[in-house]
Amino acid sequence: MEKFVYDFAEGNKDLKDLLGGKGANLAEMTNLGLPVPAGFTITTAACQRYLAEGAQVEGLDSEIDEHLAALERKMGRSLGDPADPLLVSVRSGAKFSMPGMMETVLNVGLNDESVAGLSRQAGGNDRFAWDSYRRLIQMFGKTVCDVPGEEFEDALHDAKVRKGVKDDVQLDADDLKALVAAYKKVFSKHTGHEFPQDPREQLDLAIAAVFRSWNADRAVLYRRQERIPADLGTAVNVVAMVFGNLGADSGTGVAFTRDPATGESGVYGDYLQNAQGEDVVAGIRNTVPLQDLEKIDKKSYDELLDIMARLEAHYHDLCDIEFTIERGKLWMLQTRVGKRTAAAAFTIAAQLVEEGMIDLDEAVTRVSGAQLAQLMFPRFDLSASPSAITRGVGASPGAASGEVVFTASAAVRAAAEGKQVILVRRETNPDDLPGMIAAEGILTSRGGKTSHAAVVARGMGKTCVCGADEMEVGRDQFTVNGHVVHEGDTVSIDGTTGRVYLGAVPVRPSEVVQYFEGDLDPALANEPLVSAVHLLMTHADSQAALAVRTNADTGADAARARRFGARGIGLCRTEHMFLGDRRELVEKLILARTDADRNEALGALQPLQRADFLQIFREMNGLPVTVRLIDPPLHEFLPSLEDLAVQVAVAKERGEKAEHDEQLLAAVRRMHEQNPMLGLRGVRLGLVIPGLFAMQVRAIAEAAVELAREGGHPKPEIMVPLVGAVQELETVRAEAEKIIAEVVGDSGVEVLIGTMIEVPRAALTAGQIAEAAEFFSFGTNDLTQMAWGFSRDDVEGAFFWRYLELGIFGISPFESLDRDGVGRLVKIASAEGRATRPTLKLGVCGEHGGDPESVHFFHEVGLDYVSCSPFRVPIARLEAGRAAITSTGSDHR
């Protein structure tokens, strides 16, 4: 029979799939001999079975009985014993960290009788016992029975008001006993029954609630945001309780072995005396810095630092640690590889290389293109010395400005209207996740770097300032230092310094962008972050099998992309060269009624095209430049049908002549198509409009020859778009080869001719098409559109939100490549194309060329290059290196 329950001593850190991250790491710490409370883990397989069958899993009860009995023997106490009760916590723990998204219930096992026994355990500390009981009822009610948490909070607030105190620690035993009675009334009102007194019933219900929380709305939303698979399930950890709320010699805290915001070495974290762990994470009371623990309890502080060093050396990474001190005794409640900001990720990876903990390959796998993109975002320009209205804890770096909102729902509504907002809360909780995703940044008056807001924001790359405790946050305004900020007012928050400004603060380029641009202030060249980016990018480039090109249509874009590390141009769109002042020439081409008129229009366009290509070839001298012949329907270069019809009608009404507009209107009507994206465009346009492609081919060849005569080394590649049959390409190629031979002569210029694979039929007949193509470039935007039958201009706003909500998509297929469908077409075309022509060059030039996940797929398929917008070139470079390293099968940690 399948084993569903593991004692901590039976597991290890490599069993995350089965035991979840928390359970696997509790087991690892137990095996290292660290002070971990006794307990056991119910596996993710049990959760999967529970969620699939919707009932108790066969055999699970007996396994829990067996391990609970062993835990009771180890602790010398029994669950529910009125005289000397064993209490346990019931905690979630998925393979991937999902902070605050699933459920936890503390103090399971307490009831009306055992609360007195707990008091005796604590040396007659009635206040502690009743505080623990009220926490159980509150957490159990909200988590297990869906009792509104606000009602418990209101009851606690009322108790503090009656007592005339601000903090719950100022309530005495009698106050808390009365609060327990109030909580019970709230519980029975909403559930229709009394709070359960049977400890085993409490345990079973809590375990089931943790299983169910895997599919809670906030957990589902978080998984989509972080791209965590939905079928993993969560483990459940049942752990003997240790108490940080026993008085001044007790407490709870969170520690990091390095700063999760910057990566700097040191002592980082938060500590809270006389508290349980949820108080720290929730941010309901402001903590003290971890360094203060040295003055409060030096013995525990020194032991903690020793354990932190051991864990970092063992995991070879930044560790995030939760601990409790119970009357001077240190207990380790959790460790995991800590979430960090993008800057910290690069800095820590480089530091660990320098310290000899990991090699460069491993370091590159520990950072990502998404993190690099965050580092390229602008920072606030403080040259005008704006005055901050307050300052909190810089919990997640970045520069964010927006209108203030005070609820998650308001943030979601405003973002849907296209507004940028800052979500302001006293403290966030997991229910605020939709608003946190929608907001540009998060600002709280409570909490620190380890609070819910900080941890989740860092994971999402959102700017966050926590613990700005000078702020008094109300329902629709906050006040701070004489300023009243209303909902809808604009503020700016700096997630690095923690400063908060009124109004919008201007931004400046990031140091990382300046590094790539080559104009970084020399004084910043040796800064840890810049040095780390340089080290890891250099190694990624050295390992990459995929080259990275850029999509660029102008010399300026080409130059910037080259500075960013592009190794050529994978897509130069020629249609952009027909805009602006050149529209008149396109109109003449469209309105031409004779060959002479058409040739005159083409003759006027050719030198302009040649000049454009020459500028681009110069910027990419020595590197390949793939020029796509004109692709969109010609009517896109004319005014809209509706606008022209109105102009002509108005002119007629006024008795004015509108001969030119009438001719244009007739042409637009003649070319009007029900679905122009499937109509006269691409290669079809070149075959129907005589001389159009020929003009472009001649301009490309002439520009290349001119650069060669200047001493340059042009490498032009002509790409024919929208080919679906080899005969189309053969026809265009035959004409192009004659022109190229005539223009190139003995200049030494070589011009490749290939095609875009963007029509499904092209992918399925790639073996034939490769007979006439020297390269394929996958146009994955159109290929996705045609494979799915989606209009990419319409569907994202029309119904993709619903598909994402239902889980049909984890992410838009226009954002990250659909491996199963579109990816299969890419594989087929690549294999069959190279079977026909082994030297066939393969690349991709759709937006997927800059998507990290897609880059890994293209590496697996064996493409030669990816091409993307200039700004995404560094991201693709990093991911190309990561793809090569991870595909070797090296064992990295």
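Is Glu517 buried or exposed? In this predicted model, Glu517 has a relative accessible area of 18% and is therefore buried, the cut-off being under 20%. Its side chain takes part in two salt bridges, described below together with the other charged pairs.

The protein contains 35 helices and 33 strands. Its radius of gyration is 32 Å, close to the 29 Å that the globule rule gives for 893 residues, so the protein is as compact as a globular protein of that length. Along the principal axes, the C-alpha atoms occupy a box of roughly 105 × 65 × 60 Å. Buried residues make up 55% of the 893. The accessible surface amounts to about 36,100 Å², and carbon and sulfur atoms account for 48% of this area. Among contacts between residues at least 6 apart in sequence, 69% connect residues at least 24 apart.

Salt bridges number 47 in the structure. One of them joins the side chains of Glu517 and Arg560, with an N to O distance of 2.6 Å. This pair links distant parts of the chain, as Glu517 belongs to helix α19 (residues 511-517) and Arg560 to helix α21 (residues 555-563), 43 residues apart. Arg560 is partly exposed, at a relative accessible area of 30%. A salt bridge also forms between the side chains of Glu517 and Arg563, again at 2.6 Å from N to O. Here too distant parts of the chain are linked: Arg563 lies in helix α21 and Glu517 in helix α19, 46 residues apart. Arg563 has a relative accessible area of 42% and is partly exposed. The buried Glu517 thus has salt-bridge partners in Arg560 and Arg563.

A salt bridge within a single helix is found between Arg882 and Glu879, both located in α35 (residues 873-887). The closest N and O atoms of this pair are 2.9 Å apart, and the two residues are separated by three positions, about one turn of the helix. Arg882 counts as buried at 15% relative accessibility, and Glu879 counts as buried at 1%. Elsewhere, Arg127, Asp131, Arg134, Arg135 and Asp168 are joined into one network by salt bridges that share partners.

Both antiparallel and parallel strand pairing occur. Three strands form an open sheet in the order β20-β21-β22, with antiparallel pairing. The edge strands of this sheet, β20 (472-473) and β22 (483-486), each pair on one side only. Strand β21 (residues 477-480) is joined to β22 by four bridges, and Thr479 stands opposite Val484 in β22. Parallel pairing is found between β31 (residues 775-778) and β32 (residues 841-844), which share four bridges. In this pair, Phe775 is opposite Lys841 of β32. Strand β32 also runs parallel to β33 (residues 865-868), to which two bridges join it; Gly843 faces Tyr865 of β33 across this pairing.

On the surface, Leu680, Leu687 and Val688 form a nonpolar patch with about 230 Å² of accessible area together. Leu687 is part of helix α26 (residues 683-688) and counts as partly exposed at 40% relative accessibility. His452, in helix α18 (residues 452-460), is buried, with a relative accessible area of 5%. The C-alpha atoms of His452 and Ser213 are separated by 17 Å, the two residues being 239 apart along the chain.

Note on methods:
Residues numbered from 1 in each chain as written. Predicted model: local features only at pLDDT ≥ 70, side-chain atom pairs only at ≥ 80, totals over all residues. Heavy atoms only, no water. Pairing = 2+ DSSP bridges. Patch = residues over 30% accessible without salt bridge, like charges linked within 9 Å, V, L, I, M, F, W, Y side chains within 5 Å. Areas by Shrake-Rupley, 256 points an atom, 1.4 Å probe, with all protein chains shown as cover. Salt bridge = Lys/Arg side-chain N within 4 Å of Asp/Glu carboxyl O. Buried < 20%, exposed > 50% of the residue type's maximum accessible area, 1.4 Å probe, protein only. Rg over C-alpha atoms; globule rule 2.2 N^0.38 Å. Contact = heavy atoms within 4.5 Å.
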